[in-house]
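Biologist: Please take one part of this protein and look at it closely, choosing a place where two helices meet. I would like a connected account that starts from the whole chain and then narrows to that part.

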Amino acid sequence: MEDSTSIGKRIKIENEILFYVREALSVAIRAPLAHETAIEWLERAQFLVGSFSRHVRRLFAIEEEGGYMDFVTALKPTFANRAAKLREEHRSLVSDLEGIRADAHNTNPSNLANLHSLQQRLLGFFRRLESHRHHEWELLQETYLVDLGGEG
Ligand SMILES: [Fe+2]
C-alpha cells in the first residue's frame, strides 16, 4: 500500500485533470444545439464523453486501489460504512456514465430531443459527481482532522 501523501498527490493531480476535462465537456454540451449544429455538437460530445469517462474511471480506481478508502478504514474503523457507500457510488456513477457514453455513440444527430436528453443527463451526472466528491472530501476531512487534532 502506498503512503497516504503519495496517494493524496496522485488523487489531487487526477482531480485537476478531471476538472478541466469536465469543463471542456460542459462547454461542448452548452453550445448552441439546433438542426444545423447537431452533427458537430454530437461529435464533440462523443469525443469528450469518452475522455471524461476514462478520467472518472481512472480517478475512482486510484481512490480504491490502496487509496484513501483503506486509510480511512484503518484510521477510523467507525467510518467503514461511509467509505463503503462511496465505493458503491463509484459503481453506480461508472454504470450511469457508461450508459450515457453508449447512448451518445448510438444516437442519431437528426433527433434533437435525444440530444437535449443527453445534455440534461450529463448535467445531472455532473451534479451527482460533485455531490459524491463533496461527501468524500467531508469524510477525509473528518478522518484526518480528528486524527490530527488528537482529541485532547
Ligand atoms: Fe470517489
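Modeller: What follows goes from the overall fold to one pair of helices. The model is a predicted one, and in it the protein has five helices and zero strands, so that the order along the sequence reads α-α-α-α-α. The C-alpha trace spans about 65 × 25 × 25 Å along its principal axes, and 19% of the 152 residues count as buried. Among contacts between residues at least 6 apart in sequence, 77% join residues at least 24 apart.

The pair I would single out is helix α2, residues 38-64, with helix α4, residues 80-106, whose axes come within 10 Å and cross at roughly 165°. Because angles over 145 degrees count as roughly antiparallel, α2 and α4 are roughly antiparallel to each other, and the crossing in which α2 passes α4 is left-handed. On the α2 side the contact is made by A45, Q46, V49, G50, S53, V56, R57, F60 and E64, while α4 contributes R87, H90, L93, V94, L97, E98, I100, R101, A104 and H105. Taken by character, the residues of this contact between α2 and α4 divide into nine nonpolar, five polar and five charged. Among the nonpolar ones are V49, V56 and F60 of α2, together with L93, V94, L97 and I100 of α4, whereas the charged ones include R57 and E64 of α2 as well as R87, E98 and R101 of α4.

Technical notes: Residues are numbered from 1 along each chain as its sequence is written. This is a predicted model: local features need pLDDT of at least 70, side-chain atom pairs count only at pLDDT 80 or more; totals for chains, interfaces and linings use all residues. Helices (H or I, at least four residues) and strands (E, at least two) are DSSP runs, numbered from the N terminus. A residue is buried if 20 or more other C-beta atoms lie within 10 Å of its own, exposed if 12 or fewer, and partly exposed in between; C-beta atoms are placed from the backbone. Two residues are in contact if their C-beta atoms, placed from the backbone, lie within 7 Å. Axes are lines fitted to C-alpha atoms, for helices over the stretch in contact, and angles run from 0 to 180 degrees between N-to-C directions. Angles under 35 degrees count as roughly parallel, over 145 as roughly antiparallel, 65 to 115 as roughly perpendicular and the rest as oblique. A crossing is left-handed if the near helix is turned anticlockwise from the far one by less than a right angle, and right-handed if clockwise.
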